[in-house]
Amino acid sequence: MMEKDIIILGIESSCDDTSAAIIRNGYLLSNVTASQSVHEAYGGVVPELASRAHQQNILPTIDQAIKRAGIEKNDISAIAFTRGPGLLGSLLVGVSFAKGLSISLGRPLIEVNHLQGHILAHFIREEGKDRDIPEFPFLCLLVSGGNSQIVKVNRYNDMEVLGQTIDDAAGETIDKCSKFMGLGYPGGPIIDRMARQGNAHAFQFNKPHITGLNYSFSGLKTSFLYFLEARMKENPQFIEENKNDLAASLERTVVEVLMDKLTKAVKATGIRRVAVAGGVSANTGLRQAFMDKADRSKWQVYIPPFSYTTDNGAMIAMAGYFKYQDKEFCALDKPAYSRVTFK
Ligand code: KG4
């Protein structure tokens, strides 16, 4: 007898991207994301505007994901959704929609932790596209706008945080420094582009001195701001004249801080399979640093395709697919949560 297909709808709405995806038997059929440009004028995500935009985007996004996958909504086996962490008003839109759909279709719900979703993006398979999938256990550097963590991944649902930021996240730091320079939002991709034209050793900024595997980025952010203020007093054109070198030097510093602790984690655990995940993993300098480690230190590295670095429904559907196989379903009364890291 033929096994029935497992078809998972994944819904992501934790920040400023409304995204939905369909995964069939572990293979991605569709991944549709509606991004929100409304925040650009404010230099950062405005929570109230984000939840309003999610309300408008959620139905067409899910509808498109189902259509592009070439399935009917009744084919869906289960609905996976991001329960947290994230902005509560944004999460509520996806969580409520998932619950409503679960009741109307009579299909189970699967809750997904957003951070675990980022890590499990490494397991997304696409027809006709071969890519290395990490074996357990592996280490994952999870770097996004809200988090910077080193995670030991024992299994898809068994993850241990070995170190994390005690203040700002790497992405947040890059975004804030880009704001100090008067650049657009989000700063990450802009700094990345400018850094390619600059000298990464033109300027030196303070690096944190923290023991263990934790990170700290607030000192770097302050050092960058004070440096700019001092130089602008001498020359009001300083930023304009040096923006590529500033971007390159900032990016180098962030990447060095991230890689130093990751190297320590590899030494401490003896695990040489190392992945990177989250929005900042799109960064060219960080990707290069991973490739260099693979060459020089014989790490086996896993770098996700660009489309799965920032928030996406595919990673939530993938996490849901694993949980479905273990029948890890969730009750309708589970509320969204904003801050817990791993649950
Ligand atoms: O994972 P993500 O989409 O959202 C969160 O869950 O936070 O990450 C967004 C972060 C932002 O800080 C953004 O500036 C950063 O990822 N980012 C980058 C690049 N692309 C996105 N940072 C550096 N270089 C990039 N190319």
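Where in α1 does a kink of about 40° lie? Select N57: the kink is there, shortly before the proline P60. The model is predicted, and every value in this tour is computed from it.

**Helix α1**

Widen the selection to residues 47-69, the whole of α1. The helix has 23 residues, and its first and last C-alpha atoms are 31 Å apart, close to the 33 Å expected at 1.5 Å a residue. Now colour its buried positions: A50, S51, A53, H54, N57, I58, T61, I62, A65, I66 and A69. N57, the site of the kink, is thus one of the buried residues. An α-helix has 3.6 residues a turn, so residues three or four places apart point the same way. To see what covers the buried residues of α1, show β1 (7-12), β2 (17-24), β3 (27-35) and α2 (88-105), which are among the covering elements. Just after the helix, select G70, where phi is positive at about 70°.

**The cis peptide bonds**

Go to G84 and P85, which are joined by a cis peptide bond with omega of about -10°. P85 sits in the loop between β4 (78-84) and α2. Next select F136 and P137, where a cis peptide bond again has omega of about -10°. P137 is placed in the loop between α3 and β6. For background, most residues other than glycine have a negative phi, and most peptide bonds are trans.

**H122**

Stay in the loop between α3 (114-120) and β6 (138-143) and select H122. Is H122 buried or exposed? Its relative accessibility is 2%, so H122 counts as buried, the cut-off being under 20%. Apart from neighbours within four places in sequence, H122 is in contact with R131, I133, P134, A275, V276, A277, Y302, I303 and P304. For a distance label, pick the C-alpha atoms of H122 and L139: they are 12 Å apart in space, with the two positions 17 residues apart in sequence numbering.

**The two domains**

Colour domain 1 (7-130 + 308-325) and domain 2 (138-304) separately. Their centres, taken over C-alpha atoms, are separated by 27 Å. The contact draws 16 residues from domain 1 and 22 residues from domain 2. About 1,600 Å² is buried between the domains, and carbon and sulfur atoms give 75% of that area. On the domain 1 side, select I119, H122 and T309: they lose the most area to domain 2, together 38% of what that side buries. A search for salt bridges between domain 1 and domain 2 gives a count of 0.

**Helix α7**

Within domain 2 (138-304), select residues 238-269, helix α7. Its 32 residues should span 46 Å at 1.5 Å a residue, and the end C-alpha atoms are 44 Å apart, which agrees. Centre on N244, where α7 bends by about 55°. Following the helix is G270, with a positive phi near 75°.

**Two lysines with positive phi**

Select K298, in the loop between α8 (284-296) and β10 (300-302). Its phi is near 60°, a positive value in a residue other than glycine. K298 counts as exposed, at 60% relative accessibility.

The last stop is K327, in the segment after α9 (313-325). K327 is not a glycine, yet its phi is positive at about 55°. This lysine is exposed, with a relative accessible area of 63%.

Key
Residues are numbered from 1 along each chain as its sequence is written. This is a predicted model: local features need pLDDT of at least 70, side-chain atom pairs count only at pLDDT 80 or more; totals for chains, interfaces and linings use all residues. Side-chain values use heavy atoms; hydrogens and water are left out. Helices (H or I, at least four residues) and strands (E, at least two) are DSSP runs, numbered from the N terminus. Buried means under 20% relative accessible area, exposed over 50%, partly exposed in between (1.4 Å probe, protein chains only). Contact means heavy atoms within 4.5 Å. The expected span of a helix is 1.5 Å times one less than its number of residues. The bend at a residue is the angle between axes fitted to the seven residues ending there and the seven starting there. Domain bounds come from an automatic or database domain assignment. Buried area is the accessible area (1.4 Å probe) that two parts lose on being put together, summed over both. A salt bridge is a side-chain nitrogen of Lys or Arg within 4 Å of a carboxyl oxygen of Asp or Glu.
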